[in-house]
Amino acid sequence: LNFSENEITPAKSQEYIQSIEKINRDIGRLIGSCYTVESDLSTVRVAIVGKPNAGKSSLFNALVGKSRSIVTSQKGTTRDTIEADIYMGDILIKLIDTAGLRDSKNKVEKIGIARSYKEIDTAQIIIIIDDQNPKKIHGRLNIKNQTTLLVNNKADLKTKNLKGLAGISISCKKKTGINELSTKLLTLCKELENNFLASFSYLINQRQITLLNNISSGLKQGVVDYNKTQDMTILLSSLYSIQDNFSTLIRPNDKNELLNNIFKGFCVGK
C-alpha cells in the first residue's frame, strides 16, 4: 500500500517519553500495592518492652501459653530478644520478648538492650509493661507511628494503687486481666489488618516482583539516556532490552525455569 507522507502524522519524541513515564508510574503503583510471601508483611510484629523485672517474660509466656522465656526475680534475666509465632483468631502474630530497658555496664546486657530499642523501631504494636506507671516509660521512648498498648502489671499487690493509671491492669502471677489484654491486642491487630488490606491489593511472588523492578529500571534508564543524547535509537534499544522481561512476566516460556522457581523453596525428602 502506498501512503502519502502528508497522511502520516508521527508522534513527537516527547509524547513517547511521556507515555513511557506514565507506564513507569503505573508499574510503581502496582509494585506499591503488592506484597510477597517472602516479605512477611502479613505478620503483625508485637514487641513487649519495659524495665527489668516489670513482667515482660511472664506476660510473654502467658500470651504464648507455655514457659518460653526464663523468669526469675533477678533483674536482667532476659538479655536477648526471644520470638514466638502465635495465632489470635486468624491473625498471625510474631511476639517478641525483649531485654529490660536500663543503663547497664554489662557488655552482653548492653547488646540485648540495643536490640530492644531496635525492636521498638520495627514493631507494629508495642506493649509497654510496668509495675508502676507504663505511661512514664512511654514518654521516655522515641516511638514514632507505632500502636502502643499500656499494661500495668502486679495488680494483685495490696500496696498498689490502680486509680488514675492509664492502660490495662493485669497480674501475670494470678493470671488476671490477661483475657482483657488479649482482646484489646486482637482488636488492634484487626485494625492493622484492615489497613494492610486497604494498602496491599495483590499477592505476587518474588520472580514477578523482580521482573517488574527490572522493567521499571529499564524504562527509567531509557528516558535518562534519551535526555542525554536526544537519540530515539538509544531509547528503542533500552525498550528492546526489557521486552524479554515483560514477555516472561505475562507468559513464562521456560517451563523448567518456572518449575525450578516454584520448587526451589521446598525440601523434598526421600
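Okay, let's start with helix H2, residues 56-64. In this predicted model, 7 of the 9 residues of H2 are buried, so the rest of the structure largely encloses this helix. Which ones are buried? They are Lys56, Ser57, Leu59, Phe60, Asn61, Leu63 and Val64. And what do those buried residues pack against? Quite a list: strands E2, E3 (82-88), E4 (91-97) and E5, plus helix H5 (178-199). Right after H2 you get glycine 65, which has a positive phi of about 95°.

Now stay with H2 and look at H5. The two axes come within 11 Å and cross at roughly 75°. Angles from 65 to 115 degrees count as roughly perpendicular, so that's what we call H2 relative to H5. Who makes the contact? On the H2 side, Leu59, Ala62 and Leu63; on the H5 side, Ile178, Leu181 and Ser182. Sort that contact by class and you get 5 nonpolar residues, 1 polar and no charged ones.

Next up, the sheet. It's an open one, with 6 strands in the order E3-E4-E2-E5-E6-E7, and the pairing is mixed. Why do E3 and E7 each have one side without a neighbour in the sheet? Because they stand at the edges, and each has a single partner strand. As for what sits on the sheet, H5 packs there and touches E2, E3, E4, E5, E6 and E7, with its direction at about 175° to that of E6. Then there's helix H3, residues 107-122, which lies across E2, E3, E4 and E5 and runs at about 140° to E2.

Let me zoom in on E5, residues 125-130. Is this strand mostly covered or mostly open? Mostly covered: 6 of its 6 residues are buried. Here's a handy bit of background: side chains in a regular strand alternate between the two faces of the sheet. In E5, one side has Ile125, Ile127 and Ile129, the other has Ile126, Ile128 and Asp130, and all of these are buried, so both faces are covered.

What about the partners of E5? With E2, residues 44-49, E5 pairs in the parallel sense over 4 bridges. If you want a spot to click on, find alanine 47, which stands opposite isoleucine 126 of E5. With E6, residues 147-152, E5 also pairs in the parallel sense, over 6 bridges. There, isoleucine 128 has leucine 150 as its bridge partner, and aspartate 130 has asparagine 152. Put helix H4, residues 134-140, together with E5 and E6, and you have a right-handed β-α-β unit.

Moving along the chain, we've got another helix pair: H6, residues 206-229, and H7, residues 232-250. Their axes come within 8 Å and cross at roughly 175°. That makes H6 roughly antiparallel to H7. By class, the contact of H6 with H7 has 13 nonpolar, 8 polar and 2 charged residues.

Last thing, some backbone angles. Most residues other than glycine have a negative phi. Now look at glutamine 230, in the loop between H6 and H7. Glutamine 230 isn't a glycine, yet its phi is positive, near 55°. Lysine 175 also has a positive phi, about 60°, without being a glycine. Where is lysine 175? In the loop between strand E7 (168-169) and H5. And is lysine 175 buried or exposed? Exposed, with a relative accessible area of 56%.

Notes:
Residues numbered from 1 in each chain as written. Predicted model: local features only at pLDDT ≥ 70, side-chain atom pairs only at ≥ 80, totals over all residues. Heavy atoms only, no water. Buried < 20%, exposed > 50% of the residue type's maximum accessible area, 1.4 Å probe, protein only. Helix = DSSP H or I, 4+ residues; strand = E, 2+ residues; numbered from the N terminus. Pairing = 2+ DSSP bridges. Right-handed = clockwise from strand over helix to strand, strands pointing away. Contact = heavy atoms within 4.5 Å. Axes fitted to C-alpha atoms, helices over the stretch in contact; angles between N-to-C directions. Parallel < 35°, antiparallel > 145°, perpendicular 65-115°, else oblique. Nonpolar A, V, L, I, M, F, W, Y, C, P; charged D, E, K, R; others polar.
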